[in-house]
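Please open the model in a viewer and keep the selection panel at hand. The tour below proceeds one selection at a time.

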Amino acid sequence: MPVTQVPLAGGAASVAYDRTGTGPGLVLVHGTGATRQQWLPLTEAVADRFTVVAPDYSGSGDTTDHGGPLTLADLADEVLAAADHAGLDRFHLVGHSLGAAIATHLAAHHPGRIRSLVLHAGWVRTDSRLRAEFTYWLDLLRTDAEHGTAHFARMLPLMAFGPRYWERTDTAANEELVRTLAAALAPGTARQIEVDLSVDLRPLLDRVTAPTLVLASAHDRIMGADQQQALLAGIPHTRYQEVDAGHGAPGEDPAGFAALIAAFLDERRAAEETEATETAPAPDTEDAPDLSTVAMPG
């Protein structure tokens with residue numbers, strides 16, 4: 001597991017990441033309360049043709065830091081530092097939820113580094129409704145910490161998953177999932193939610209130059225259609241697609257979610273290869289020997 005040191009506003013961070021596969025660079029940014037493990041299905045789907053870098057940012061997984069407040073810029077710096085440490089110059093960039101906000105910030109500040117951008121369940125600005133949502137999350141986490149409850153984990157399936165999850169689960173299976181989520185929740189989730197509360201990407205959107213897929217969840221109970229439309233209107237080169245899942249599509253439908261993103265990445269890779277071929281200079285044949293008159297043996 002590689003680790004790189006990153007200076008942040010509040011002190012240094014040791015950022016852990018995974019590097020898998022071969023080919024053009026691909027950087028994956030997880031969501032609030034998750035870790036780089038969120039991306040295992042997508043990594044497995046594309047590692048034969050992309051070099052995949054998946055970091056834990058502050059508050060998650062194996063990354064450690066100063067323990068104080070974080071900013072969106074801090075987390076974007078951590079992601080870029082992992083890409084640099086892994087030897088990636090230009091790379092494709094994918095983010096989920098808070099990871100999408102981090103990816104947008106990174107793509108706006110370093111447009112020359114980004115080959116393409118995928119934003120799943122992203123948003124432009126934390127408005128009054130989102131502020132109420134995130135504040136409620138913080139209240140649940142504080143209650144859990146004080147009383148040993150698991151209210152936040154119990155809320156997650158209700159908030160994150162769409163109808164297909166509820167059609168195929170039962171009470172016992174959902175209770176088991178709640179226990180799993182409570183145990184797996186990143187220790188710095190509350191610090192990350194504070195970053196969620198601060199998001200305002202409106203001044204940055206037109207600085208994103210990479211071809212961008214705005215990938216929405218059809219049953220997202222957190223990020224509404226208005227936020228997706230704002231991303232589409234603000235980023236110059238965008239397209240829109242939906243996945244038949246809730247906000248937590250990476251966990252609800254891992255294979256389908258990975259397939260949609262892999263298809264976009266493969267398309268962008270093919271387009272870049274075509275552009276490179278079309279713009280390559282023609283070989284200089286002025287001094288080349290005329291082989292048309294050379295007799296072939298046999």
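Begin at the second largest pocket, which has a volume of about 210 Å³; the model in view is a predicted one. Select Leu141, Asp144, Leu185, Ala186 and Thr189, which lie nearest the centre of this pocket among its 13 lining residues. Next, colour α4, α5 and α8, the elements that give two or more residues to this lining. By class, the lining of the second largest pocket comprises 9 nonpolar, 3 polar and 1 charged residues.

**The contact of α4 with α5**

Keep α4 and α5 displayed and hide the remainder. Two packed helices are described by the angle between their axes and the distance between the axes. Here α4 and α5 pack at an angle of about 145°, and their axes are 8 Å apart. To display the contact, select Glu133, Tyr136, Trp137, Leu140, Leu141, Thr143 and Asp144 on the α4 side. On the α5 side, add His151, Phe152, Met155 and Met159. The residues of this contact divide into 7 nonpolar, 2 polar and 2 charged. Leu141 and Asp144 appear in this contact and also belong to the residues nearest the centre of the second largest pocket.

**The largest pocket**

Now move to the largest pocket, with a volume of about 780 Å³. Select Thr32, Gly33, Ala34, Gln38 and Leu181, the closest to its centre of the 34 residues that line the largest pocket. Then show the elements that give two or more residues to this lining: α4 (128–147), α5 (151–160), α6 (163–168), α7 (171–184), α8 (189–198) and α10 (249–252). Which of the elements supplies the largest share of the lining of the largest pocket? That share comes from α5, with 5 residues. Coloured by class, the lining of the largest pocket shows 18 nonpolar, 13 polar and 3 charged residues.

**The cavity**

Rolling a probe the size of a water molecule over the atoms shows where empty space is left. The structure holds 1 cavity of 30 Å³ or more, and the space in the largest cavity is about 40 Å³. Select its lining: Gln38, Trp39, Pro41, Leu42, Pro250, Pro254, Phe257 and Ala258. Gln38, already selected at the largest pocket, is thus met again in the lining of the cavity. Both α1 (40–46) and α11 (254–279) supply at least two residues each to the lining of the largest cavity, and α11 has the largest share, 3 residues. This lining divides into 7 nonpolar residues, 1 polar and no charged.

**The nonpolar cores**

Turn next to the largest nonpolar core, which has 63 residues; Phe91, Leu93, Leu98 and Ile102 touch the most other members. Centre the view on Ile102 and add Val29, Tyr57, Leu72, Leu75, Ala76 and Val79, which Ile102 touches when residues up to four places away in sequence are not counted. Apart from this core lies another, of 21 residues, including Val52, Ala54, Ala249 and Ile261.

**The whole chain**

Finally, restore the full display. The protein has 11 helices and 8 strands, and its C-alpha atoms fill a box of roughly 90 × 45 × 40 Å along the principal axes. What percentage of the 298 residues is buried? Buried residues make up 50%. Of the contacts with a separation of 6 or more, 78% are between residues 24 or more positions apart.

Definitions and conventions:
Residues are numbered from 1 along each chain as its sequence is written. This is a predicted model: local features need pLDDT of at least 70, side-chain atom pairs count only at pLDDT 80 or more; totals for chains, interfaces and linings use all residues. Side-chain values use heavy atoms; hydrogens and water are left out. On a 1 Å grid over the protein atoms alone, a cavity is a set of points where a 1.4 Å probe fits but cannot get out, and a pocket is an open set with protein on both sides within 12 Å along at least five of seven lines; lining residues have an atom within 4 Å of a point. Grid points are joined across faces, edges and corners, and a volume is the space filled by probe spheres set on the points. Helices (H or I, at least four residues) and strands (E, at least two) are DSSP runs, numbered from the N terminus. Ala, Val, Leu, Ile, Met, Phe, Trp, Tyr, Cys and Pro count as nonpolar, Asp, Glu, Lys and Arg as charged, and the others, Gly among them, as polar. A nonpolar core is a set of buried Ala, Val, Leu, Ile, Met, Phe, Trp, Tyr and Cys residues joined through side-chain atoms within 4.5 Å. Buried means under 20% relative accessible area, exposed over 50%, partly exposed in between (1.4 Å probe, protein chains only). Contact means heavy atoms within 4.5 Å. Axes are lines fitted to C-alpha atoms, for helices over the stretch in contact, and angles run from 0 to 180 degrees between N-to-C directions.
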